[in-house]
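Q: I am new to this structure and would like a close look at a single part of it. Please take one residue as the starting point and work outward from there.

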Amino acid sequence: MTVYKGKASNLKGTSLVMLGFIAMILIIYFFTERGFLPWFFIISLALMCIPVYGGMILKITMDEKKVVIRRPLSWKTLKLSQIAFCAVHDIGEGKSTLFVFVKYKWGNDYRIKGVKSTMSYDEIIKALKKGGRIQDLKVNFNKAVKVPVSLVENGDELKERILDCVEGHHFNAVNN
């Protein structure tokens, strides 16, 4: 099991922003009169805490079967065998995010979360095996699992390892 620790500079920045939001929420709650405007600011600040928390990565661990993304109060486990495909969003300067699309069981066949298609996962694999082009495929990146590889140390190595594992699973699925 390989452990990729979160960057200390990223954790410091996101922690300070989160504490600032919480402090402003408490100040508004305890030191203002109740009304529309204070409640609007409290709710707005609370909603801004959600993406800040998403950027707080303590560590990402990876072994032969799974990837675990750990945040301060939660974690997300991705089984490498359940990954349908990945997309890399490269921001530049070594900063990138890995979008992971997971397959799940729907009735008797498999579907891909975040991908709308009239074909099932097995039919898509068969079309790829024959070398055909997949028609009417719509991808929703908001439903993909985001792996922020740039927020950990040695993120490029982690990205390459995940992509290599997914490529190995696809090679086995297409050739079997």
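Which residues does Y4 touch, not counting residues up to four places away in sequence?

A: The model is predicted, and what follows describes that model. Y4 touches K59, I60, V152, E153, N154, E157, L158 and R161, once residues up to four places away in sequence are set aside.

Start with the position of Y4 itself. Y4 lies in strand β1. Its relative accessible area is 2%, and because buried means under 20%, Y4 counts as buried. Two polar contacts start from its side chain. One goes to the side chain of E157, at 3.2 Å. The other, of 3.3 Å, joins the side chains of Y4 and R161. For a sense of distance, take F101, which is 97 residues from Y4 along the chain: the C-alpha atoms of Y4 and F101 are separated by 21 Å.

Next comes the sheet to which the strand of Y4 belongs. Four strands form this open sheet, in the order β1-β2-β3-β4, and their pairing is antiparallel. β1 (2-5) and β4 (75-79) are the edge strands, each pairing on one side only. Direction ignored, neighbouring strands of the sheet are turned by 15° against each other on average. Strands of a sheet pair through backbone hydrogen bonds, in either a parallel or an antiparallel way.

Going across the sheet, β2 and β3 run antiparallel and are joined by four bridges. A hairpin of three residues links β2 to β3. K59, one of the residues that Y4 touches, has R70 in β3 as its bridge partner. R70 also stands opposite W75 in β4. β3 is joined to β4 by five bridges, again with an antiparallel run. These two strands form a hairpin too, with four residues between them. Another bridge partnership on this side is that of K66 with K79 in β4.

T61 gives a second view of the sheet. This residue lies in strand β2 and counts as buried, at 7% relative accessibility. Leaving aside its neighbours within four places in sequence, T61 is in contact with M1, T2 and V3, and also with K66, V67 and V68.

Two other residues touched by Y4 lead to the nonpolar core: I60 and L158. The largest nonpolar core has 20 residues, and I60, V100, V147, L158 and I162 are those with the most contacts inside it. At least two residues of this core come from each of β2 (59-62), β3 (66-70), β5 (83-92), β6 (95-106), β10 (145-147) and α4 (155-175). α4 gives the most, with three residues. As for V100, its contacts beyond four places in sequence are L78, I83, F85, C86, A144, V145 and V147. V147 is thus named twice: it is touched by V100, and it is among the residues with the most contacts inside the core.

N154, also touched by Y4, sits in a loop. That loop runs between β10 and α4. N154 counts as exposed, with 53% relative accessibility, whereas Y4 is buried. The backbone of N154 has a phi near 60°, a positive value in a residue other than glycine. Most residues other than glycine have a negative phi.

After the strand of Y4 comes a helix, and N10 is found there, in α1 (residues 8-31). N10 is buried, with a relative accessible area of 16%. Its side chain reaches the backbone oxygen of G55 at 3.0 Å. Beyond its neighbours within four places in sequence, N10 is in contact with G55, I57 and L151.

Finally, a record has something to add about this stretch of the chain. An unreviewed UniProt entry lists residues 12-31 and 37-61 under "transmembrane region". In the model, residues 12-31 are 100% helix and 0% strand, and the end C-alpha atoms of that span lie 28 Å apart. Residues 37-61 are 72% helix and 12% strand, with end C-alpha atoms 43 Å apart.

To return to the starting point, Y4 is a buried residue in strand β1, with side-chain polar contacts to E157 and R161.

Definitions and conventions
Residues are numbered from 1 along each chain as its sequence is written. This is a predicted model: local features need pLDDT of at least 70, side-chain atom pairs count only at pLDDT 80 or more; totals for chains, interfaces and linings use all residues. Side-chain values use heavy atoms; hydrogens and water are left out. Buried means under 20% relative accessible area, exposed over 50%, partly exposed in between (1.4 Å probe, protein chains only). A polar contact is a pair of N or O atoms within 3.5 Å; within protein, one must be able to donate a hydrogen and the other to accept it, and residues adjacent in sequence count only if both atoms are side-chain atoms. Contact means heavy atoms within 4.5 Å. A nonpolar core is a set of buried Ala, Val, Leu, Ile, Met, Phe, Trp, Tyr and Cys residues joined through side-chain atoms within 4.5 Å. Two strands pair if DSSP finds at least two bridges between them. Axes are lines fitted to C-alpha atoms, for helices over the stretch in contact, and angles run from 0 to 180 degrees between N-to-C directions. UniProt positions are given in the numbering used here, feature names are shortened, and annotations may be inferred rather than shown by experiment.
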